[in-house]
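Welcome aboard! Open your viewer, set a cartoon display with side chains ready to switch on, and follow the stops below.

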Amino acid sequence: MRRGKKPTRKQKIRLGQAGLSPESWLVVKQKQNGELVILRKHTDTIRVVPPLGQ
């Protein structure tokens, strides 16, 4: 099982722009191109948020 961290303020804004609730997600990894790999707190679902502009 992967462990995530609480999102930073910028990451919370990015999750909101993607239509997700920042309180329900943890950040597993942030790639150099701006892509976020996130983990849902309650169901352990992994999801990838594409970088801005794509």
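Select Gly19 to begin: this residue sits just after helix H1 and takes a positive phi of about 85°. Helices (H or I, at least four residues) and strands (E, at least two) are DSSP runs, numbered from the N terminus. A word on what you are viewing: this is a predicted model, in which local features need pLDDT of at least 70, side-chain atom pairs count only at pLDDT 80 or more, and totals for chains, interfaces and linings use all residues. Residues are numbered from 1 along each chain as its sequence is written, and side-chain values use heavy atoms, with hydrogens and water left out.

Next, step back into H1 and show Gln11, Arg14 and Leu15, which are buried (under 20% relative accessible area, against over 50% for exposed and partly exposed in between; 1.4 Å probe, protein chains only). These residues lie on the same side of H1, because they cover an arc of only 100° around the axis, taken from the directions from the helix axis to the C-beta atoms. Now turn to the face away from that buried side, where you will find the exposed residues Arg9, Lys10 and Gln17.

What do the buried residues of H1 pack against? Color S1, S2 and S3 to see their packing partners. These three strands form an open sheet in the order S1-S2-S3, with antiparallel pairing; two strands pair if DSSP finds at least two bridges between them. S1 and S3 (46–49) stand at the edges with a single partner strand each, so one side of each has no neighbour in the sheet. Between S1 and S2, look for five bridges, and pick out Leu26, whose bridge partner in S2 is Leu39.

Keep Leu39 on display and add Ser24, in the loop between H1 and S1. Is Ser24 buried or exposed? Ser24 counts as buried, because its relative accessibility is 15%. Not counting residues up to four places away in sequence, Ser24 touches Leu39, Arg40 and Lys41 (contact means heavy atoms within 4.5 Å).

For the last stop, select Leu15, Leu20, Trp25, Val27, Leu36, Ile38 and Val49, the seven residues of the largest nonpolar core. Such a core is a set of buried Ala, Val, Leu, Ile, Met, Phe, Trp, Tyr and Cys residues joined through side-chain atoms within 4.5 Å. Center on Val49: leaving aside neighbours within four places in sequence, its contacts are Arg14, Leu15, Ala18, Leu20, Glu35, Leu36 and Ile38.
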